[in-house]
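Biologist: Could you take a close look at the disulfide question in this structure, then work outward from there? Keep it brisk and connected.

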Amino acid sequence: MALAKRTFDAVVVGAGGAGLRAALQLSESGLKTAVLTKVFPTRSHTVAAQGGIAAALGNSMEDHWIFHMYDTVKGADYLGDQDAIEFMCRTANECVYELEHFGMPFSRLPNGKIYQRPFGGQSIHFGKEQAARSCAVADRTGHSMLHTLYQRNVRANTLFFVEWMALDLIMNEAGECLGVTALEMETGEVMMLQAKSTLLATGGAGRVYQASTNAFINTGDGIGMAARAGIPLEDMEFWQFHPTGVAGAGVLITEGVRGEGGYLLNKSGERFMERYAPNAKDLASRDVVARAMATEIKEGRGAGPDGTYLLLKLDHLGAETINSKLPGIREIALKFANVDPIKDPIPVVPTCHYMMGGIPTNYHGQVVMPRGGNPEVPVPGLYAAGEAACVSVHGANRLGTNSLLDLVVFGKSAGQHMSDFARSTRSQQDLPKDAGEQTEARLARLEGQKDGEKVSAVLRDLQLTMQLDCGVFRFPDSLKSGVEKIREVARRAQVTEIKDKSKVFNTARVEALELDNLVEVAVSSLVSAEARTESRGAHDRSDFPTRDDDNWIKHTLWFKDGDRLEYKPVHDKPLTVDSFEPKARVY
C-alpha cells in the first residue's frame, strides 16, 4: 500500500532545544519547515534542565572563552574534538545574548546583568580557580529556554506535527536523505514527509537504563533511525551518571545545588569529596563525583537503612537562598523524597543522565560517515544536533551546563547549513520506489506476530542488562556476558507482540517501535564498551584502570550491519588556537 506524502523544505525530528533552535533558523529564513514531536513541544525533555547554560560572560568574575574551552577539553578527558569545542565556546556568549533578546527571563545580579553560578569542572586561568559560568533562570533554565524558543517558532509560523513519531529515514541509492516516514499516534496513519534537508534532534536515550533521570520519551529514536539507515553510532560506550538523582526515584537534583554551596555527606557526616578531589571537592567533574559516591556506597559508608544512598546537605544555605535560587529543587525533594531541604539533607545516588555518544556530525550539524577512505564524508540532506548527535564536544564526559549550550549552538549551526543546502537544491528529488517499505515491514512484523513476548518483558531485561553490565564501574566478565545477553535481547525484540491491533491511540505499538530504537542503543553501547580497553571519563574498567593515550585517543564507530566496530581519529587541532595536549586529569 502506497503511503501518503507531504513535502517540505526542511523536516526537524524533535522539538527540544536543538530542534526548536534549528527550526527557528529555518522558518525565519523563509523555508517551509515541519517539526515532528512525540509530545507537545514544551514537554520535550529540555524542560527538565535545571542548573544553567554555560557562557564566559564574565558577569560574576573575570572569564574568557579560552578558559571555557580548556575546561571542556579536560572534562571530556581529551576525547572531544577541539575544533568543535572551540566553535561552541567562542559562540556561547552570542547564543546566550540571543536568548536574552528572545525574551528568556534570566535571573539577574544586583547590577542587572545575567546571574551566573559556579558549576562542576568550571575554572578560570586553566584550572587554578573556580569559575562562575552558568547563566541561570533560578533552577528552571531549561523550562525557560524551551518556552522562549517555542514562542519564537510560533511567531515564525513553524508547522508542528504534535504527537507524531518519526520511524525511518528515507534514503536513495546515492546515500542521500530525502525525508522520513512518520506515524500519527492518534490515528495510526503512516505518512512520508519529504524534505530537502532533515534534522534528527530526538534527544537522548536514558530509558535504556533501569534507573534514569530521563523522561519516558527518551528512547533514542534518532539513534535507531540512523543505525537502520546504515549510519554508524559514535562513542556509545560513554554514558554519564549524574551524581545526584533522588534515591529511589531517579529525579534530577541539579549540580547547581552544589554550585550554590551545597555538599555531599556519607553516613558518618563526612564531606568525603575532599578525599577524592582535594581542590574542586563537590564541584569536581561529574564522572569523578559519581565514582566517588559509588565507591562510598560500595565500601559501606552509604546512608539509609540499607546503606544505598548518600546525603546532599543544603540547609545551611538558608531558606531565603533555597526559595529564591533553588525553588524547584525544594519542590522535587518534598514530592519525591519527602524531605524539606531547608531542614534535612536530600538522599541521592548516581543515576543515568546523559548520552555522550550519538550520530556522528561535524560542527555544521552535517551527519558524517566513512566512505572511500575518508572517515567523515557528509551524508547529503541529513543533519543531527543536541544529545542525539556526537559532534563531539563532550568526549568521554560532559561538563554540567554545556548541554543547553550544545543545543542552541549546534541547533543554530545546523539550521543555518540546512537553510543553505535547501536553497542550493532547487527542486525536490523523486523518492525511490521502495520508499516507506522498511517502515511498512516493521509495522507488519509487529501486527502479524503471534505468540510473541510482551514488549514490557523484553524492555525490562534490556534495562536490567545495561544497569548491571554497563554502569558506573565496568568489569571484564560482566561486559562480556552483557554483550551476549544484549544480543539475545535484540533477537527477542524481533518477536515481540502487540496484543491491541487497533490503530487509534495504540500506545503498545509506539512502545514496540521505541523498543526497536533502544535495542540499537543498548547493543552499540555494550559492544563498544567491551572493546575499549582503558578507563577514560565515564568509562571506568576494573581490568584497565588507567587512561591509554597511546592507543585510545580515537572515536568508536559501531555499525548495525554486521554488528561491527571501526575507529576514527579525534580532532586534536582547534580552529584558531593551540591544541590542549593530554595531561593528568585532576580536580
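Modeller: The structure holds 0 disulfides. The model is predicted, and the sulfur positions belong to that prediction. Take C89. Its closest cysteine sulfur is in C95, and the two sulfurs are 11 Å apart, which is too far for a bond. A disulfide here would need the two sulfur atoms within 2.5 Å. C89 is also buried, with a relative accessible area of 1%.

C390 repeats the pattern. The closest cysteine sulfur to C390 is in C470, 15 Å away, and that too is too far for a bond. C390 has a relative accessible area of 1%, so it counts as buried.

Just after C390 comes an unusual peptide. V391 and S392 are joined by a cis peptide bond, with omega at about 10°. Most peptide bonds are trans. S392 lies in the loop between β18 (389-390) and α11 (402-424).

Two other residues stand out by backbone angle. Most residues other than glycine have a negative phi. E163 has a positive phi, near 60°, and is not a glycine. E163 sits in the loop between β6 (159-162) and β7. At 35% relative accessibility, E163 is partly exposed. The other residue is D235. Its phi is positive as well, about 55°, and D235 is not a glycine either. D235 sits in the loop between β10 (233-234) and β11. D235 is buried, at 0% relative accessibility.

Each of those loops leads into a strand. Start with β7, residues 164-171, which contains D168. D168 is buried, at 1% relative accessibility. Its side chain is not without a polar partner: the side chain of T439 makes a polar contact with that of D168, at 2.6 Å. Beyond four places in sequence, the contacts of D168 include G179, V180 and T181. M225 and R228 are also among them. So are Q438, T439 and R442, in the list of residues that D168 contacts beyond its sequence neighbours.

Now β11, the strand that follows the D235 loop. β11 is mostly covered, with 8 of its 8 residues buried. β11 belongs to an open sheet of 4 strands, in the order β11-β14-β13-β12, with antiparallel pairing. Strands of a sheet pair through backbone hydrogen bonds, either parallel or antiparallel. The edges of this sheet are β11 and β12 (263-265); each has a single partner strand, so one side of each lacks a neighbour in the sheet. Direction ignored, neighbouring strands of the sheet are turned by 50° against each other on average.

The partner of β11 is β14, residues 346-355. The two run antiparallel, and 6 bridges join them. Two of the bridge pairs can be traced on the model. W239 is bridged to M355 of β14. G245 is bridged to V349, also in β14.

What does β11 (239-246) help to cover? It is among the elements that cover the buried residues of helix α13. The others in that list include β19 (453-454), α14 (476-493), β20 (496-497) and α15 (507-531). The buried residues of α13 are V455, A457, V458, L462, Q463, T465, M466 and D469. The length of α13 can be checked. The helix has 15 residues, 455-469, and at 1.5 Å a residue it should span 21 Å; its end C-alpha atoms are 21 Å apart, so the two agree.

One last site is a glycine. G51 lies in the loop between β2 (33-37) and β3 (53-54). G51 is buried, at 7% relative accessibility. G51 and Q116 are 65 residues apart in sequence, yet their C-alpha atoms are 10.0 Å apart in space. Leaving out residues up to four places away, G51 touches R117 and F119. Its list also includes S134, A136, A138 and T141. T254 and T401 are touched by G51 as well.

Back to the question you asked. The count of disulfides is 0. For C89 and for C390 the reason is distance: the closest cysteine sulfur is 11 Å away in the one case and 15 Å away in the other.

How values were computed: Residues are numbered from 1 along each chain as its sequence is written. This is a predicted model: local features need pLDDT of at least 70, side-chain atom pairs count only at pLDDT 80 or more; totals for chains, interfaces and linings use all residues. Side-chain values use heavy atoms; hydrogens and water are left out. The expected span of a helix is 1.5 Å times one less than its number of residues. Buried means under 20% relative accessible area, exposed over 50%, partly exposed in between (1.4 Å probe, protein chains only). Contact means heavy atoms within 4.5 Å. Two strands pair if DSSP finds at least two bridges between them. Axes are lines fitted to C-alpha atoms, for helices over the stretch in contact, and angles run from 0 to 180 degrees between N-to-C directions. A polar contact is a pair of N or O atoms within 3.5 Å; within protein, one must be able to donate a hydrogen and the other to accept it, and residues adjacent in sequence count only if both atoms are side-chain atoms.
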